[in-house]
Amino acid sequence: MLTPRRAPRPPRGRPQLRTSYAQDMGLLNTPAKRRSTALVILAAFTVPFLVTDDLLLIFTLGLIASVGAIGLNLVTGYAGQVSLGHAFFLGLGAYTGAVLGGDPEGSVTGYGLPMWIWLPAAGVVAAIAGLIVGPVAVRLRGLYLAIVTLGLVFLGEHIFREARTLTGGPGVGRRGPDLELFGIDFAEAGSLFGLGLSRDQQQYLLALVFLIVFAILGRNIARSGVGRAFSAVRDRDVAAAVIGVNLTVYKVMAFAMSSFFAGVTGALYYAVVGVFEPGAFGLLLSIQYLAMVLIGGVATISGSIMGALFITSLPRIAQEIAHLFPIISTSTVGGGLINVFQFEAILYGLLIIGFLIFEPRGLFGIWMRIRNYWKGWPFSY
């Protein structure tokens, strides 16, 4: 009886030597990656016990936004399909979650379903919308595709604004769904695994587990045959078609996967925020997620997380800078040459331009330079 042939192990003392494609494409294919990933995850789980609740809320929203950034990176970074419509899919997920998990007795439509139903359903609804938009990507590319996806944002704004029974309408909005899973109410202080935790600590840990699951999923997609097909389409779609890559299938698949990530992000993000209105899903939100990808690093999962945490922290950074310069007002009513919200928008633009010119690989590229320097230290080559 024939047994499957196993890939040979690298010789002892040479962990970097790989003798098969399976070893090279491993999820954590070096001891250094395994150790560093374990340390980062361990450090992340200690954060809620070291920082104040106001900072913890920023980190929580950053972890959730990282999943949406990973989704955008799949379609834009890996598959090369420029999308400015991410806010539309985030809005679909947010309102799907709010409707399915909302209060049935409220003034807007709600069905009171549990979290294990409304959270994946938000991703599925957004993915279906991505499947509808996906075939358009087969016929368009570059600037033309960007304009079409930009149209989705304005279409979504109109729909969300007019569907008052679902969204509550502009200026009113609606509450997000209840964060309760497996009998744990994440909206209230409580005990988890014998530890007394505040509401913000519980929500942070929920967001961290949520990110770990989707980061592993995104990394597995990127290193699979689907991810390699995405890269082929990105680099040269005509050549990819010649070697047998079905452009229609993989472009539609990229939009559907990205939309699913965006849908679950929107549902969980605005469940943590609490109350939201249609104006939250405008062009600025799409620009913010595009900034996460560009500043963090295109076509990298780690870069998506770095960029999302940085961009989510930018309002707090802008406020701290505003206290140092009197020309920046901390309120919208006079007091300075510009207010803090205008300064924040300026920072977005400057950061995107700066990273595109000086560090196209983003924060992940900076980390790669630091890592390669210490790998070769003390030699300069």
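## Helix α14 and its surroundings

The buried residues of helix α14 pack against several other elements: the helices α12 (283–296), α13 (301–322) and α15 (362–376), and the strands β7 (328–329) and β8 (338–339). The structure is a predicted model. The residues of α14 that are buried are V340, F343, E344, L347, Y348, L351, I352 and F355.

The length of α14 can be checked by a short calculation. The helix covers residues 340–358, a total of 19 residues, and at 1.5 Å a residue the expected span is 27 Å. The C-alpha atoms at its two ends are 26 Å apart, which agrees with that expectation. At the N-terminal end, N339 acts as a cap for α14. A side-chain oxygen of N339 lies 3.0 Å from the backbone nitrogen of F341.

## A nonpolar patch at the surface

Helix α15, one of the elements in contact with the buried residues of α14, contains W367. The relative accessible area of W367 is 40%, and this residue is therefore classed as partly exposed, since that class lies between the limits of 20% and 50%.

W367 belongs to a nonpolar surface patch of about 700 Å². The other residues that make this patch are I366, I370, Y373, W374 and W377.

## Salt bridges around D237

Side chains of opposite charge can pair when their charged atoms come close. In this model, the count comes to eight salt bridges. One of them joins D237 to R141, with the closest N and O atoms 3.0 Å apart. This pair links distant parts of the chain, as D237 lies in helix α10 (residues 237–242), whereas R141 lies in the loop between α5 (115–139) and α6 (142–162), and the two are 96 residues apart.

D237 also forms a salt bridge with K251, at 3.8 Å from N to O. Here the partners are 14 residues apart, and the pair connects helix α10 with helix α11 (residues 247–273).

Which of these charged residues count as buried, and which as exposed? D237 has a relative accessibility of 9% and therefore counts as buried. K251, at 4%, also counts as buried. R141, by contrast, has a relative accessibility of 52% and so counts as exposed.

## A salt-bridge network that includes helix α13

Another salt bridge is formed by the side chains of E320 and R316, at 3.3 Å from N to O. Both residues lie in helix α13, four residues apart, which is about one turn of the helix. Their accessibilities place them in one class: E320, at 43%, counts as partly exposed, and R316, at 26%, is partly exposed as well.

This pair is part of a network of salt bridges in which D54, R316 and E320 are linked.

## A256 in helix α11

Helix α11, which holds K251, also contains A256. With a relative accessibility of 13%, A256 counts as buried, because the limit for a buried residue is under 20%.

What does A256 touch, when residues up to four places away in sequence are not counted? The contacts of A256 are A127, G130 and L131. A189, on the other hand, is 67 residues from A256 in sequence, and the two C-alpha atoms are 36 Å apart in space.

Conventions
Residues numbered from 1 in each chain as written. Predicted model: local features only at pLDDT ≥ 70, side-chain atom pairs only at ≥ 80, totals over all residues. Heavy atoms only, no water. Expected span 1.5 Å × (residues − 1). Buried < 20%, exposed > 50% of the residue type's maximum accessible area, 1.4 Å probe, protein only. Contact = heavy atoms within 4.5 Å. Polar contact = N/O pair within 3.5 Å; in protein donor to acceptor, adjacent residues only side chain to side chain. Patch = residues over 30% accessible without salt bridge, like charges linked within 9 Å, V, L, I, M, F, W, Y side chains within 5 Å. Areas by Shrake-Rupley, 256 points an atom, 1.4 Å probe, with all protein chains shown as cover. Salt bridge = Lys/Arg side-chain N within 4 Å of Asp/Glu carboxyl O.
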